[in-house]
Every structure is written in structure tokens, then in C-alpha cells.
Amino acid sequence: MTTKLMGQKVQRVEDQRFLRGQGRYVDDVAVEPPGSPRSVLHAAVLRSPHAHARILDIDVSDVLDVEGVHAVYTYDDLASCTPQMAEPLPLLIPHPALTHGRTQYALAKDEVNYVGEAIAFVVADDRYLAEDAVSRIRVDYEFLTPVVGIDAARAATALVHDDVPGNVGARMEQTVGDAPAAIAKAPHRLELDLTVERSACMPMEGRGTVARWDPDLSRLQLWTSTQSSTGVRAAVAVKMGLDLGQVDVITPDVGGGFGVKINHPWPEELLVPMAARALGRTVKFTEDRREHFISSAHERGQVQHIEVGFDDDGRLLGLDVEFWHDHGAFTPYGLIVPIITSTQLLGPYKPQNYRVVFESLYTNTVIVTPYRGAGRPQGCYAMERTMDAIAKYLGKDRADVRAVNFIQPDEFPYDQGLIFQDGRELEYDSGDYPASLEKIKKLVGWEEFPAFKAEMAAQGRKVGIGLACYVEGTGVGPYEGAHVHIETSGRVKVATGLTTQGQGHATVFAQLVADELGCSFEDVEVVTGDTRRMPYAVGTFASRAAVMSGSAIHLAAKRAKEKVLKIAAEALEADESDLQIVGGVVSVKGSPGTSIDLGTVSVLSNPLRYAFDEKSKAATQFSVGDPGKPPVAEDDEPGLEGKDFYSPERATFASGMHAVIVETDPETAEITILKYAVVHDCGHLINPMIVEGQIHGGVAQGIGGALYERMAYDDSGQLLNASFMDFLMPYVTEIPDGIDIDHLETPSPLNPLGIKGAGEAGVIPSAAVFAAAIEDAEGIPITAMPISPSELFTLRHSREHSA
Amino acid sequence: MSEELHDLRVTVNGATHDIRVPARRLLSDALRHDLGLTGTHVGCEHGVCGACTILVDGAPTRACLMFAVSAQGAEITTVEGLTNADGSLGPVQQAFAECHGLQCGFCTPGFLTTITAGLRDNPRPTHEEARDMVAGNLCRCTGYQNIVKAVERAAEIQANA
């Protein structure tokens, strides 16, 4: 038998293209030099410079005569495409609690609600000319009062939308037991007020869309940098008045997503195909970096109030959480982020009694949609800061307080009694939190730390340690599918509909197929995110690709294998149960001479009238077939293919714990990471190299989010740091030299491979773990994240003055 | 009024190209859209991220901060020019594959060119020097751990070549 590839550190197949500069990202599609007959037209967007204003007039007359400009569109032109193009963009995830959901128009109608909102769309020979034209459009505005930040939204002295009272888009409450009563009766009580600021995904590649309309076929081809090809396809079809069958969406290589590319359709994903059809030309929109800052999406901003009651051991008796979530100017992605915060806040713990209520608030800022972690980092921050506060209050070890609250390994499946983001019960499938805690304590040197701290203090140095635990619901439904096709060449073509943004799907999915089918890994070719190859799919988010598509691919390969064995058994005149497939060859166990390769099985799977090469002769009508039977049996179909779907009852829950040791400079308040440790449990690993890469990346993004990155809006709603010069993403110099990782593998009982998602985990505990470590080093409560050296310096200063 | 065009001759990865470009056309756009060398990526258009880094007469240069016309007569190397003559991966590319130094691959070309020049000037970097070598490029996927490993592995591959 060959070694199973599941669990192996297999090198990535996609790297061969990427490393040669042969990746094909959306801006690499339809590249034709200007002046060539097939040259592509380029679009630019006029965006609102104001956070809140009424549009009185748009004058495009200066644009029309500019040489090289092909078209300019404003809101008034949209209805000429279809009536629905002039309707608001879809509200993707409706929810009964979202009583005041609002979405923007593809181009602003009468009013703008954030700096960056699209107002006009220009198509020209190149991007330079398109931007020239944009600068010639004149708009008259009547200024309205901008609402910026959660405090202003709650105060509601001004409204973002006139018809949304109090700026409240949604109020939602979930309860288990009676938390207020339990807290009132508890021997000990604490209250915490916490804040987290806005940040954003910031993939290195921004958004982009290319569209080509084929008038001969009445068919639209669209390439877009998305996390949901099928979502974009459905939205574009509706808006353009086309049947689904007339729209092909292809997601090429994507230069990072981290959540922001799951929202759809972006205005440009509709405007580009609209212009392509109207102009009969290929049209391309490639976002620039400033546009990405002001017109894609942000996340994280929340204000939290927590009340907790607990016993002498630190055991939770009641937890009552209220939080206010800034969702920006519109709610295309519904309430997913705050729902995740409110449910995943519980982490690995049993709260006994829990009440959570949130308000999701409008502000005149960029929309908020999921960013890696998607509300979990804020929930983890709320819960872990609470655990730290309880430990401090009782004078107990922070790890011990966590341990008394853990769900125990024999308590799974454990139903938290809440409804999760997928509308299903928040029921944890498996986990072993005490084992994880032991591992993380060992890995970071928890027990040895007090001695280290004392040693450092003797040298005048300040160090602190932090610990944070999380549970992550991964692999949410509704489903994913896969198609496996064994070609007559013996090559295996695999398609799944969700998309890829760097996770190495072409490698891990090929590992699964090679294992199940017994073909060689090199013969497997995986395509993702192409609606021509797999029209039924959901998308890549919520750490779901490995779980959902991985399981679907495994099942589809199994079906293909069943067919292989049936045909091969007939050809080899053997019993199916005596056959094995190794290295792409089916043979009878014990007699390797009696064999047939997968390519030949594929030839035999498709009864032919016509031969077109030597190989296909074997399948023609005078060569094979039982004259007494139909060439294709009633319950069969031609071709060597397998197709299947995976649709789990509910999510599978990965978990983990992070610990960090930081040093804070007594003079400058600079924060240095001395050690970062991760214990991670995502069930069985398909490719440990790739999982570790995901953790590294998540940790780095989390460090950015905890110590450097924030969206700096001023009171007028201008984003002051909308560039990589001012929005401080970490370089290698900000990331520790080495991240210690240990794995625990608690398999999921919910899917055939026992896997759980891993993509977001690295970023979830960051704000919590850094706040804890800095607080430990400084002895000052840390209640607002991210925290910069200047802010720490100010905190020290104000404490000295209040003392 | 159409834009004035300027004749430009550049050598890219050993091949000479004659093109006509407006004075304001960025070198990154000329490489990508006029010459079709889309391996050079543009991440920020203001010289911070380093994704567009190419070698101009051997020196790592942000292609997004240079006008194409100012590359007149220059010898340019892009990521497409880093493979060996037989088409196999060059040492830095090979090291990235072995060390899992890339995920989405968008920033990768800029790292590859930067490290290629870095190792030419300092073929045996210390660990600290390996980290410094990539300290001017942003990557949002990898957390840099494996990129630093790849620098050291590339040095090893070159030393053994």
C-alpha cells in the first residue's frame, strides 16, 4: 500500500505557477496593450468625499468630450440596464432581528452615507484617462451631520438614515437561564467596560472585476476577486435580468481575502458587466489601495459592558453581556458578525446562566462585514478579560479560574442553548480543553513565569504573560459539492465551487482524492470557484473550505472509486472486493499482473460508436458490450465521474489557546513580544504545513490588530490613515522570530474525515491575550484595544497623576 | 487632446522591447499591461508594500514609484526572469516552495526579487540579516516565519550549487 497523504506535509502544487510569476489574478485577465483590437476598457469610480450629504446635482458634461472616454454612468442611468439595477443592492442575510436593514445603491441615489461611496462610474481606454474623467465630474452637495463612532451613534442626536430611529439597525437578545438573577445572588460580582476599535482585512490584492459579454451566445463571462463565485453569479444574473445559465463567474487566483471578499455584489461587480454589455467591450475595474480602504469593508468596532457573578473558585454563576456593534452605513451582510460575537463569546466555558443583548448601529463610515475571526476576537476579548478580572479579584491563578469553568471532555456533544450564525443550535461536537490548557502552560512556561518575572524585575525590566482560550464554530453549511472526473488519460479533474485565496486548496484537495481514489497525487488537478465546473456552491468563509469541500471531495472521489471498481471488476473478471487501486492502477490483490489502469477504465466507462485514437478503439461497439444488455445500464450513466455534496447538520467546533510573554519598555512604553505560543485543535490535519502557515498568518494579523492597526476616522467621517504608510500593518520586524505551536487532534464526529476548520483561529485570541499580558506587565487595567506605545504611555501617566 | 507618447527601449529579462508610452505611465503598468508581464504585482501604488519590486540594473526598485520613461535603456529583471535557463525554479523560488514561504502568492514576486538581490550582495546572511533582508516587504498571509526560513534555505541552495 502507498502511504496516505492525509496528514503529510505535502509541498503545494500551486506554488509552481505563483513562483514563476504565472499566477493569474483578476487584473492579469484580459491583458491587451492599449490600441490592440481586443484591448480592454478600464473603469474608475467617483467616490463621495463626504461622509454624509445630500446629492443636489451631478454634472458630467465636462467628461463626455474627453478623448478616450467611452461612457459615464450615474444613478439615473442604471434603470436603462434593468429596473432592478436601480434598486438597492441585496441584503444578503436577512434576520428577523434586523428590523431596519439598509443597503446602498450601485451608484448613490440622492444621498451619500460614507466617504468612498460610489457616485459615478467612468469607462475609458485606460485607467489614467478614466481617473482624469472622474476628476471632471462636478457634484453639488448639501452637507448633513455625520455620525461617526459608537458613542455618536448611540447618542443619536443625528441620524444616518432618516427612517432608522436611534441609528439602531437591530437589537437582539439571547438568554440561557436567568443571568441577572444568578448574578444578584452570586457571592461575588464584577463589571467590566471594554472597547475594540475598527480594523480591516487588507489583502495585498484589492477587489477587481472583469466582464465580457458575448453577443453571439448571449452570455456573460465575469472574473472577480471574490470569496463566493456562485453568490456573485446569482446576484449579477438577477440584476442584469439574465438567467443563471447565461452567466459564468470565474474566480481566478485571489491575492488574499480574509473575509472582505465574501460580501457581494460590490457595486463594481454589477457596473462592470452592465458597461461590458452596453459597450460590447471587455471592461475591467481594479481597485487601488485608497479605494480599498474607503469603499470595501472594515470590522471589529465594538463597545462592551459585562456583568458577571461567580463563586469562590471563580466558577461562573451568571454572565450578562451588553454590546454595541458599529456596522457602518449599510447592512448588506446582516447580523452575522454580532451574532458570532454574542454566541462564540462563551468559548470553552459553561456560563450556567447567560444573557447577551446587542445593538447593531449605523454610522457614516465604511460598511462592516466579516474579517478573519468575524466577531470572535471581540467575543473572546470580552470573555477572557472577564476570566482575568475574576482571577485578579479572587487572587487566583488565571489558568485555574479558566479550568474550573471548562466544558469537560465527557460532556460532548455540549449544547450551549443558543442559536449560532447558521440558524442552528450552538452545540459543540468535540474537544478537550483541559488537555489544551496543560499543553499551552507547558509550551509557554506558565509555571516558570513568576520566577522569570521576578528575575526581570530585579534588572528593572517589566514583563507580563497573557493567556486566552477560544472555541471556533467552523465549517458552517448549508453545503458544498464536488465533481471528480477521471479522464481517459488517467488524469483526474476535480472541481469544487468555493474559492481559494491562498489556502492551498489545489494541494490539500488533491491529497484527499489521491488517498481515496488510489491515483497518484500528481495526476489530480483541482479547480475551485468556477461556476462552469461546479455551479452549486456557497463560498469560502468561516473556516469552512477544508471541512465542507474537503468532505464533499472525499465523498465524490468515493463515488468515482465505486464506479472504477465496478467497471474494472467486469474487465478483469474479478470480484470487486478483490481489487485494489494503487498508483492509478487497478489490480487483483495478490496477482499484480491482472490489472487495468484508470485511463483504460475511463475509456470503458463510455461506450463509443466512433474511435478517435488507439485507446478509444477498446470502447467501440464491435469491441465491447454484452449484446443482450443496453450499453449503458438503466441505473448507470456514461463517463467515469463521481459527484457528491456534503451538508452537515451543524458546524464543527475547533478550539485553541494562545499565550504570550511581552516586555514593556519602562521609558518608551514600547511593547516587545518575547514569546508567542499556540495550542490548536482542528481535528485531523490534512496538511500540517499548511495548517501551521494559517496559524502563523493569523497570529501576525492578530499582532497587527492588537498593537498597530486601527481605522482612524475623524469626527467628520474622513478616514485619516487610508494608506499603507499610515495604517500600520506588521512587517517581519513586528512579528516574533518564531511562534511555538502544538497541536491536539480531537476529531469531529460530524464529517467523514474528522476535520475542523483552521483558517481563522490564529487571529481570534489576539486582543485578549495581549491585553492580559500588558496588564500583567504594567499592573494597569487594559480595557481598550488595540494599544499603541503612546496609549500605554498615556495610561501610565494618568495613573501616576491619579495616584 | 490625445496624450503625447514617448519612445522607450527597455531590456526585460534579457529581451529588448520598444514601446511608446505617455510620460505619466508607471513602470509597473508598462510591464504589466504593455508588455504583458503580469508577474509583477501592484499592492499599494505608493511604494510601501514592495509587491511590485523589480530589479533595475540589478537594484531592487519599486516599479510603482517609477515612470516607465525613466527606465529608458535600463536592464530590468522581473519575477519571470528568476527561473533557471532550463525553466526550473531558481534558488530563491525553490526555497519558497520547500519552506511554504507563500500562501496567496500576491506579494511573493516582490520578495523573490528583493531576496535575489539581497543574496547576491550577502550570500551567507546571518539569521538577523535574513530577517532584515525582507523587512521592507509586506505579506498579509504568512506571518513571515517561513519567508525568513526561505531566505536561509535559498542561501544554502546557492552555496551548494
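Modeller: Quick definition before we start on this predicted model: two strands count as paired if DSSP finds at least two bridges between them.

Biologist: Fine. Which strands stand at the edges of the open sheet in chain A?

Modeller: That sheet has 3 strands in the order E4-E2-E6, with antiparallel pairing. An edge strand has a single partner, so one side of it is left without a neighbour in the sheet. The two that fit are strand E4 (111-112) and strand E6 (138-143) of chain A.

Biologist: And which residue stands opposite A:Arg54 in E6(A)?

Modeller: Strand E2 of chain A covers residues 53-59, and 6 bridges join E2 to E6(A). The two strands run antiparallel. Across from A:Arg54, in E6(A), you'll find A:Glu142.

Biologist: Over to helix H4 (residues 127-135) of chain A: why are its buried residues on the same side?

Modeller: The buried ones are A:Leu129, A:Ala130, A:Ala133 and A:Val134. In an α-helix, residues three or four places apart point the same way, because there are 3.6 residues a turn. Here the buried set sits on the same side of H4(A) because the arc around the axis is only 145 degrees.

Biologist: What do those buried residues pack against?

Modeller: Their partners are in chain A too: one helix, H2 (61-64), plus strands E1 (41-47), E3 (69-73) and E5 (118-124).

Biologist: Now chain B. Which element gives the largest share of the side of domain 1 that touches domain 2?

Modeller: The assignment gives domain 1 (5-81) and domain 2 (91-160). Domain 1 of chain B puts 16 residues into the contact. Strands E3 (53-56) and E4 (59-62) of chain B each give two or more residues to that side. The largest share, 3 residues, comes from E3(B).

Conventions:
Residues numbered from 1 in each chain as written. Chains lettered and ligands numbered in written order. Predicted model: local features only at pLDDT ≥ 70, side-chain atom pairs only at ≥ 80, totals over all residues. Buried ≥ 20, exposed ≤ 12 C-beta atoms within 10 Å, placed from the backbone. Helix = DSSP H or I, 4+ residues; strand = E, 2+ residues; numbered from the N terminus. Arc of directions from axis to C-beta. Contact = placed C-beta atoms within 7 Å. Domains from an automatic or database assignment.
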